[in-house]
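Work through the exercises below with the model open beside you. Try each task before you read its solution.

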Amino acid sequence: GRQGDVDRACAMYTSAMQYKASNGWEKGFREGTIDDTIHKRFDPYWMPLVCAGRDRQGNPVVWARTGLLDPPGCTQIPIAFIVRHYVYMMTRIQQAMEEVAMREKRPITGLFWIEDNSFLRTKHVNWTLIERVRQCMQVAQAVYPELQLRSMMVRVNFVFEVAWGIAK
């Protein structure tokens with residue numbers, strides 16, 4: 001993160017804008033120039049999300065159920081598609097936040113992300129799958145750092161501990 005460093009924040013913002021401009025995915029998803037049909041069909045197999053209400057500051061609470069990932073299916077899909085799907089997912093989240101901000105006539109600056117690991121099983125300790133998730137997290141940190149105000153993991157079990165040990 002930028003940890004209060006304005007120069008670092010500026011560099012992060014510049015890098016994020018360059019990434020978005022270099023591939024055009026976010027713009028394409030926003031403007032409908034990229035066919036998102038395959039991404040809508042892939043949603044249930046990647047990381048199902050639900051907006052589960054608001055936190056005390058009124059920011060959206062997003063509940064992610066990582067354990068519902070389908071390891072056999074996700075490991076067969078090229079990483080470029082997985083990363084593009086992640087950009088699609090983040091773009092949809094941003095659009096939802098923008099709609100709420102317009103409706104409520106107040107800024108929505110970020111969200112509270114809850115990662116539910118209750119469905120993680122040993123089938124998820126798969127190097128290819130872990131690498132795909134790791135690359136998506138790198139995109140999230142580099143390109144969408146402003147979205148996540150806070151995060152929390154719930155129902156962490158031994159499978160997560162093993163996968164986390166491999167990922168880091």
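The exercises go from the whole chain to a helix pair and then to single residues. Keep in mind that this is a predicted model.

**Exercise 1. The overall build**

Task: Find how many helices and strands the protein chain has, and in what order the elements run.

Solution:
- Step 1. Count the elements. The protein chain has seven helices and four strands.
- Step 2. Read them from the N terminus on. The order is α-α-α-β-β-α-α-β-α-β-α.

**Exercise 2. Size and packing**

Task: Decide whether the radius of gyration of the protein chain agrees or disagrees with that of a compact globule.

Solution:
- Step 1. Get the expected value. For 168 residues, a compact globule would have a radius of gyration near 15 Å.
- Step 2. Compare. The protein chain has 16 Å, which agrees.
- Step 3. Look at the box. Along the principal axes, the C-alpha atoms fill roughly 45 × 35 × 35 Å.
- Step 4. Look inside. Of the 168 residues, 41% count as buried.
- Step 5. Check the contacts. Take those with a separation of 6 or more: 79% of them join residues 24 or more positions apart.

**Exercise 3. Two helices that cross**

Task: Describe how H5 and H6 are placed relative to each other: parallel, perpendicular or oblique?

Solution:
- Step 1. Recall what is needed. Two packed helices are described by the angle between their axes and the distance between the axes.
- Step 2. Locate the pair. Helix H5 covers residues 79-104, and helix H6 covers residues 127-143.
- Step 3. Take the values. The two axes come within 10 Å and cross at roughly 40°.
- Step 4. Apply the cut-offs. Angles under 35 degrees count as roughly parallel, and 65 to 115 as roughly perpendicular. H5 and H6 are therefore oblique to each other.
- Step 5. Add the hand. H5 passes H6 in a right-handed crossing.
- Step 6. Name the residues that touch. H5 brings Ile 79, Ile 82, Val 83, Tyr 86 and Val 87. H6 brings Arg 132, Gln 135, Cys 136, Met 137, Val 139 and Ala 140.
- Step 7. Sort them by class. The contact has nine nonpolar residues, one polar and one charged.

**Exercise 4. Buried or exposed?**

Task: Classify Lys 20, Asp 55, Lys 105 and Thr 128 by relative accessible area.

Solution:
- Step 1. Set the cut-offs. Buried means under 20%, exposed means over 50%, and partly exposed lies in between.
- Step 2. Take Lys 20, in helix H1 (residues 6-23). Its relative accessible area is 15%, so Lys 20 is buried. Beyond four places in sequence, Lys 20 touches Trp 25, Glu 26, Gln 94, Val 143 and Tyr 144.
- Step 3. Take Asp 55, in the loop between strand E1 (49-54) and strand E2 (60-64). Its value is 12%, so Asp 55 is buried.
- Step 4. Take Lys 105, in the loop between H5 and strand E3 (111-116). Its value is 75%, so Lys 105 is exposed.
- Step 5. Take Thr 128, in helix H6. Its value is 32%, so Thr 128 is partly exposed.

**Exercise 5. Apart in sequence, apart in space**

Task: For Asp 55 and Leu 111, and for Thr 128 and Arg 155, state the separation in sequence and in space.

Solution:
- Step 1. Asp 55 and Leu 111 are 56 residues apart in sequence. Their C-alpha atoms are 8.5 Å apart.
- Step 2. Thr 128 and Arg 155 are 27 residues apart in sequence. Their C-alpha atoms are 23 Å apart.
- Step 3. List the contacts of Asp 55 beyond four places in sequence. They are Val 61, Phe 112 and Arg 150.

**Exercise 6. A backbone angle**

Task: What is the sign of phi at Lys 105, positive or negative?

Solution:
- Step 1. Recall the rule. Most residues other than glycine have a negative phi.
- Step 2. Read the value. Phi of Lys 105 is near 55°, which is positive.

Terms used. Residues are numbered from 1 along each chain as its sequence is written. This is a predicted model: local features need pLDDT of at least 70, side-chain atom pairs count only at pLDDT 80 or more; totals for chains, interfaces and linings use all residues. Side-chain values use heavy atoms; hydrogens and water are left out. Axes are lines fitted to C-alpha atoms, for helices over the stretch in contact, and angles run from 0 to 180 degrees between N-to-C directions. Helices (H or I, at least four residues) and strands (E, at least two) are DSSP runs, numbered from the N terminus. Angles under 35 degrees count as roughly parallel, over 145 as roughly antiparallel, 65 to 115 as roughly perpendicular and the rest as oblique. A crossing is left-handed if the near helix is turned anticlockwise from the far one by less than a right angle, and right-handed if clockwise. Contact means heavy atoms within 4.5 Å. Ala, Val, Leu, Ile, Met, Phe, Trp, Tyr, Cys and Pro count as nonpolar, Asp, Glu, Lys and Arg as charged, and the others, Gly among them, as polar. The radius of gyration is taken over C-alpha atoms; the globule rule is 2.2 Å times the number of residues to the power 0.38. Buried means under 20% relative accessible area, exposed over 50%, partly exposed in between (1.4 Å probe, protein chains only).
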